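Reader: I'm new to reading protein structures, and I'd like to know what the words rest on. Can we go through one together?

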Amino acid sequence: MKKLSALLIFTVGLWQAQKFTANEISIINQGNINSALPIYQTTDANQHKTLLSLSSEADPIDSNTAILVRRMKESLLSTDGGVGIAAPQVGINRKIIWVQRFDKEETPLEYFINPVIVWRSDLQNLGPEGDLSIPDFRDQFYRSKVIQLEYTDLKGQKYSEIVEGFTAVIFQHEIDHLFGILISDKKEKEKNDSYKKVDAYQKNGSNKK
């Protein structure tokens with residue numbers, strides 16, 4: 001009975017993840033499929049529109065998802081110090097991100113499909129952030145110090161874990177991208193909000209995501 005329930009949940013999840021559109025498939029497979037996809041910029045009106053759009057769930061077992069995941073990693077590796085990237089930043093409004101795990105030994109890059117923050121701490125950190133899609137922009141932002149994350153891998157297996165510190169900041173930044181939230185707009189909103197100031201997180205490098 002438990003196996004049947006798990007299968008039903010998995011099947012419903014796949015049903016909710018709509019198939020890639022013809023345009024998305026064209027972008028994912030353009031050029032050399034083993035190379036980086038161009039990173040969208042807010043300075044281009046059409047690309048900016050994509051960056052501001054909501055993302056839908058991805059089908060983890062679709063072959064195009066695997067290609068997109070691989071090419072997103074190449075896009076991130078092609079940057080100067082980037083520590084995270086979201087699918088909208090390569091023109092695909094789907095819930096897929098890459099994050100550099102500073103909370104793990106050797107700080108590996110890891111992908112996450114359909115990530116959801118199911119809990120976040122009230123305690124927040126204040127620290128610097130930049131963005132691969134916003135040229136010459138950098139500012140200080142408040143982020144929850146600890147989050148609980150749920151996500152799926154390319155086999156459709158679901159996971160849940162607690163993440164804290166700078167890595168939690170990267171997750172929050174990238175998941176914001178999936179909702180069309182850019183840090184340049186977030187800064188405007190924060191002017192009207194009040195936060196309890198706590199210790200700032202530390203990270204050397206560009207902190208661009």
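Reader: Where is the place of Gln-100?

Author: Gln-100 sits in strand 2. Keep in mind that this is a predicted model.

Reader: Why is Gln-100 called buried?

Author: Gln-100 has a relative accessibility of 17%. Buried means under 20%, so with 17% Gln-100 counts as buried.

Reader: What does Gln-100 touch?

Author: Skipping residues up to four places away in sequence, Gln-100 touches Gly-82, Val-83, Thr-107, Pro-108, Leu-109, Thr-167 and Ile-170. Its side chain also reaches the backbone oxygen of Thr-107 at 3.5 Å.

Reader: What makes strand 2 and strand 3 a pair?

Author: Pairing takes at least two bridges, and 5 bridges join strand 2 to strand 3, so they pair. The two strands run antiparallel. As one example, Trp-98 has Tyr-111 in strand 3 as its bridge partner.

Reader: And how does strand 3 pair with strand 6?

Author: Strand 3 and strand 6 (residues 146-152) pair over 5 bridges, in the antiparallel sense. Here Val-116 has Glu-150 in strand 6 as its bridge partner.

Reader: What about helix 4: what span is expected, and what does the helix reach?

Author: Helix 4 covers residues 63-77, which makes 15 residues. At 1.5 Å a residue, 21 Å is expected, and the helix reaches 22 Å from its first C-alpha to its last, which is close. At its start, a side-chain oxygen of Asp-62 comes to within 2.7 Å of the backbone nitrogen of Asn-64.

Reader: Which elements do the buried residues of helix 4 pack against?

Author: They pack against helix 2 (22-28), strand 1 (84-86), strand 2 (96-100) and strand 3 (109-120). Leu-68 and Met-72 are among those buried residues.

Reader: Which residues have the most contacts inside the largest nonpolar core?

Author: They are Leu-68, Met-72, Ile-85, Ile-92 and Ile-96, in a core of 25 residues. Helix 4 gives the most to this core, with 5 residues. Take Ile-92: leaving aside neighbours within four places in sequence, it is in contact with Phe-20, Glu-24, Ile-27, Ile-28, Leu-68 and Ala-87. Apart from this core lies another, of 17 residues, with Tyr-151 among them.

Reader: How many aromatic pairs does a search of the whole structure find?

Author: The search finds 5. In one of them, Tyr-151 and Tyr-159 lie 5.4 Å centre to centre, with 20° between the planes.

Reader: Why is the pair of Tyr-151 and Tyr-159 called stacked?

Author: Planes under 30 degrees apart count as stacked, so the 20° between these two rings fits the word. Both tyrosines also belong to one aromatic cluster with Phe-112 and Phe-171.

Reader: Does each of them count as buried or partly exposed, and why?

Author: Buried means under 20%. Tyr-151, at 12% relative accessibility, therefore counts as buried. Tyr-159 is at 36%; partly exposed runs between 20% and 50%, so Tyr-159 counts as partly exposed.

Reader: How do you know that Glu-129 is buried?

Author: Its relative accessible area is 0%, and buried means under 20%, so Glu-129 qualifies. You'll find Glu-129 in strand 4 (residues 124-130).

Reader: Which side chains does a polar contact join to that of Glu-129, and what makes it polar?

Author: Arg-143 is one, at 2.9 Å, and His-173 is another, at 2.8 Å. A polar contact is a pair of N or O atoms within 3.5 Å, so 2.9 Å and 2.8 Å both meet that cut-off.

Notes:
Residues numbered from 1 in each chain as written. Predicted model: local features only at pLDDT ≥ 70, side-chain atom pairs only at ≥ 80, totals over all residues. Heavy atoms only, no water. Helix = DSSP H or I, 4+ residues; strand = E, 2+ residues; numbered from the N terminus. Expected span 1.5 Å × (residues − 1). Buried < 20%, exposed > 50% of the residue type's maximum accessible area, 1.4 Å probe, protein only. Contact = heavy atoms within 4.5 Å. Polar contact = N/O pair within 3.5 Å; in protein donor to acceptor, adjacent residues only side chain to side chain. Core = buried A, V, L, I, M, F, W, Y, C linked by side-chain atoms within 4.5 Å. Phe/Tyr/Trp six-rings, centres within 6.5 Å; stacked < 30°, edge-to-face > 60°.
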